[in-house]
Amino acid sequence: MSVLPTAPAADASVLGLAGHGSTVELRGLVRDFGGGVGLNRLDLAAEPGELIALLGPSGCGKTTALRALAGLERVDAGSILVDGRDVTDEPANRRDLGMVFQSYSLFPHLTAGQNVEFGLRMRKVPGAERRGRAAEALELVGLGAHGGRYAHQLSGGQQQRVALARALVTRPRVLLLDEPLSALDAQVRVQLREEIRRIQTELGITTFFVTHDQEEALAVADRVAVMRAGVIEQIGRPEELYLRPASAFVAEFVGLANRIPATVAGGRLTVLGQEVPLATAVADGPVTAYIRPEDVLLASAGHAGEVLTTSFLGALRRTRVRLADGTELAVQHAAGEVLAAGDRVQVVLSGAPATVSPVAVPPVAALPVAALPVA
Ligand code: ATP
């Protein structure tokens, strides 16, 4: 798939949207599907112009939350307020929200321009104004010259841009994006997410962005809401989630984390026989320390171990090391430090505050060796 040139920064005010971000509140939303709970008293509030990413594993309720907000899914309890007005019982077409789905969902028999015009036609906007606004919206997403093309004449990334223009042209109060990039290849995905962020910031439109890709969520969002089993486990700025995860689940879901048995005694945290700073107060006893790979360093003296695997990741390498006691650790280090499986190395936990998420754990002896998600 070809990579598009970066779209010119069109004047977002032409769409009549700039600076009109709405507040959105989801209060105690419940959606019970019978066999399973989609939403379990979900609370979430967005400030005007904020981009909130809903992040979480498959089945945690991200799409259900978005569809409930859009009016495409009924809720069994709770309320939805947009700009303070309760829209819980309003049909989707009265809520004034724009939505972009994972599949491009363009009408194949209409040109890009006609696709963008479609919502305006439904609203009986006169022809000249319709065409003018559609052209502006296409310009905004960098496709001003492609209005006459049909879906099959556009790349996946271009089709998603058309879908975005179509969602914005009706001047919605809120933009809802449901995994909008997951069908695209990696390079286009990164480029388009930056475009979405640029346009969203220019328009100041309150936006919810569903994704299961943590890097994507951290990259685009003002705040990330990590969902689990129909509720929000933690919401915060990307840095907060990464540096101060509120639970083991968040620590493991956002970024990579080594999960290492540890103990707290007298307010001091000891991991692998080494004392490391403790960010929050934790009761004495066995705990699990979640330590980022960048907080484990290769050293000339430290814990001896053997290299299991090592991956070259461009700017850095990530190497998996098994220590003498069987603990496995991921270590992030300079790409120039070339290692091979079987090499003997020594590691230390860095003196900088490690990302530690103390949680109640079974006895140390019963803990499994850390399972690391693959980057
Ligand atoms: P994914 O990332 O896989 O899309 P998700 O976080 O968006 O997952 P949802 O699609 O919101 O998850 O689903 C949440 C839960 O509700 C899941 O357990 C799912 O099986 C269930 N669910 C969703 N829609 C329905 C439905 N129409 N009927 C029955 N159960 C449903």
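Reader: At what angle do α4 and helix α5 pack, and how far apart are their axes?

Author: In this predicted model, α4 and helix α5 (residues 186–203) pack at an angle of about 20 degrees, and their axes are 11 Å apart.

Reader: Why are α4 and α5 called roughly parallel to each other?

Author: Angles under 35 degrees count as roughly parallel. The angle here is about 20 degrees, and α4 and α5 are therefore roughly parallel to each other. Their crossing is right-handed.

Reader: Which residues make the contact of α4 with α5?

Author: From α4 come Gly-157, Gln-160, Arg-161, Leu-164 and Leu-168, and from α5 come Val-188, Gln-191, Leu-192, Glu-195, Ile-196, Ile-199 and Leu-203. By class, this contact has 7 nonpolar, 3 polar and 2 charged residues.

Reader: What makes α2 roughly parallel to α4?

Author: The cut-off is again an angle under 35 degrees. α2 and helix α4 (residues 156–168) pack at about 30 degrees, with their axes 7 Å apart, and that makes α2 roughly parallel to α4. α2 passes α4 in a right-handed crossing.

Reader: Which residues of α2 and α4 meet?

Author: Ala-112, Asn-115 and Val-116 in α2 meet Val-162, Ala-165 and Arg-166 in α4. By class, the contact of α2 with α4 has 4 nonpolar, 1 polar and 1 charged residues.

Reader: Why are α2 and α3 called oblique to each other?

Author: Helix α2 (residues 112–122) and helix α3 (residues 127–140) pack at an angle of about 125 degrees, with their axes 9 Å apart. Roughly perpendicular covers 65 to 115 degrees, and roughly antiparallel requires an angle over 145. The angle of about 125 degrees fits neither range, and α2 and α3 are therefore oblique to each other.

Reader: Which residues make the contact of α2 with α3?

Author: Ala-112, Gly-113, Val-116, Glu-117, Leu-120 and Arg-121 take part from α2, and Arg-130, Arg-131, Arg-133, Ala-134, Ala-137 and Leu-138 from α3. By class, there are 6 nonpolar, 1 polar and 5 charged residues in this contact.

Reader: What surrounds the ligand?

Author: The surrounding residues are Phe-33, Gly-38, Pro-57, Ser-58, Gly-59, Cys-60, Gly-61, Lys-62, Thr-63 and Thr-64.

Reader: How do you know that Ser-58 has a polar contact with the ligand?

Author: A polar contact is a pair of N or O atoms within 3.5 Å. A polar side-chain atom of Ser-58 lies 2.6 Å from an oxygen atom of the ligand, so the pair meets that cut-off. A polar backbone atom of Gly-59 is 2.8 Å from an oxygen atom of the ligand, and for a backbone N or O atom of Cys-60 the distance to a ligand oxygen atom is 3.1 Å.

Technical notes:
Residues numbered from 1 in each chain as written. Predicted model: local features only at pLDDT ≥ 70, side-chain atom pairs only at ≥ 80, totals over all residues. Heavy atoms only, no water. Axes fitted to C-alpha atoms, helices over the stretch in contact; angles between N-to-C directions. Helix = DSSP H or I, 4+ residues; strand = E, 2+ residues; numbered from the N terminus. Contact = heavy atoms within 4.5 Å. Nonpolar A, V, L, I, M, F, W, Y, C, P; charged D, E, K, R; others polar. Near = heavy atom within 4 Å. Polar contact = N/O pair within 3.5 Å; in protein donor to acceptor, adjacent residues only side chain to side chain. Left-handed = near helix turned anticlockwise from the far one by under 90°.
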